[in-house]
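Dear colleague,

Here is the structure that I promised to hand over to you. Please keep it open beside this message while you read, since my notes on what was found in it follow directly below.

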Amino acid sequence: MLNDWQDAASSEPTVCPACGAPIGLPEDPILGEVMWCDACGAELEVMSLQPLRVELFEEEEK
Ligand SMILES: [Zn+2]
């Protein structure tokens with residue numbers, strides 16, 4: 001028997017790891033794409049497409 005909640009979880013909006021605000025992702029995000037959180041301005045990198053996952057983009061300081 002399939003669990004309905006699994007489908008619901010897979011369609012959860014992606015949220016900013018820094019502030020938890022939902023992120024407006026493009027329709028077809030690209031792996032490694034960097035975007036900005038509208039709420040806190042954090043730089044976010046697409047780390048995974050299936051499932052869709054973003055992490056804070058950390059720029060290496062020189
Ligand atoms: Zn944020």
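A good place to start is Pro 51, which is found in the loop between S2 and S3. The peptide bond that joins Gln 50 to Pro 51 is cis, with omega at about 0°. As background for this detail, most peptide bonds are trans. The loop belongs to a hairpin, in which two residues lead from S2 to S3.

Before going further, please bear in mind that this is a predicted model. The mean pLDDT of the chain is 84, and 82% of the residues score at least 70. Confidence is highest in S2, at 94, and lowest in helix H1 (residues 4-10), where the mean is 53. Where pLDDT is low, the predicted coordinates should not be read in detail.

Now to the overall plan. The chain contains one helix and three strands, and when one follows the elements from the N terminus, they come in the order α-β-β-β. The three strands form an open sheet with the order S1-S2-S3, and their pairing is antiparallel. Strand S1 (34-36) and strand S3 (52-56) each have a single partner strand and stand at the edges, so one side of each is left without a neighbour in the sheet. From one strand to the next, the twist averages 40°.

The two pairings can be described in turn. S1 and S2 run antiparallel and are joined by three bridges, and Met 35 has Leu 44 in S2 as its bridge partner. These two strands form a hairpin with six residues between them, and in the turn Gly 41 has a positive phi of about 80°. For comparison, most residues other than glycine have a negative phi. Strand S2 (residues 43-49) and S3, which also run antiparallel, are joined by five bridges. In this second pairing, Val 46 has Val 54 in S3 as its bridge partner, while Ser 48 stands opposite Arg 53 in S3.

Which residues make up the largest nonpolar core? There are six of them, namely Cys 16, Ile 23, Cys 37, Leu 44, Val 46 and Val 54. In soluble globular proteins, nonpolar side chains tend to be buried together. Of the 62 residues of the chain, 10% count as buried. If residues up to four places away in sequence are not counted, Cys 16 touches Ala 21, Ile 23, Cys 37, Ala 39, Cys 40, Ala 42 and Leu 44.

It may help to set two valines side by side, and to ask of each whether it is buried or exposed. Val 46, which lies in strand S2, counts as buried because it has 20 C-beta neighbours inside 10 Å, and 20 or more is the cut-off for that label. Leaving aside neighbours within four places in sequence, Val 46 is in contact with Pro 29, Ile 30, Leu 31, Gly 32, Glu 33 and Val 54. Val 46 and Met 35 are 11 residues apart in sequence, and their C-alpha atoms are 8.1 Å apart in space.

Val 34, by contrast, is found in strand S1 and is exposed, because 12 other C-beta atoms lie within 10 Å and the label applies at 12 or fewer. Val 34 nevertheless touches Glu 43, Leu 44, Glu 45 and Phe 57, again not counting residues up to four places away in sequence. Between Val 34 and Met 47, which are 13 residues apart in sequence, the distance from C-alpha to C-alpha is 9.6 Å.

Finally, a word on contacts across the chain as a whole: among those with a separation of 6 or more, 20% are between residues 24 or more positions apart.

With best wishes

Definitions and conventions. Residues are numbered from 1 along each chain as its sequence is written. A nonpolar core is a set of buried Ala, Val, Leu, Ile, Met, Phe, Trp, Tyr and Cys residues joined through C-beta atoms within 7 Å. Two residues are in contact if their C-beta atoms, placed from the backbone, lie within 7 Å. Two strands pair if DSSP finds at least two bridges between them. Helices (H or I, at least four residues) and strands (E, at least two) are DSSP runs, numbered from the N terminus. Axes are lines fitted to C-alpha atoms, for helices over the stretch in contact, and angles run from 0 to 180 degrees between N-to-C directions. pLDDT is the predictor's confidence in each residue, from 0 to 100.
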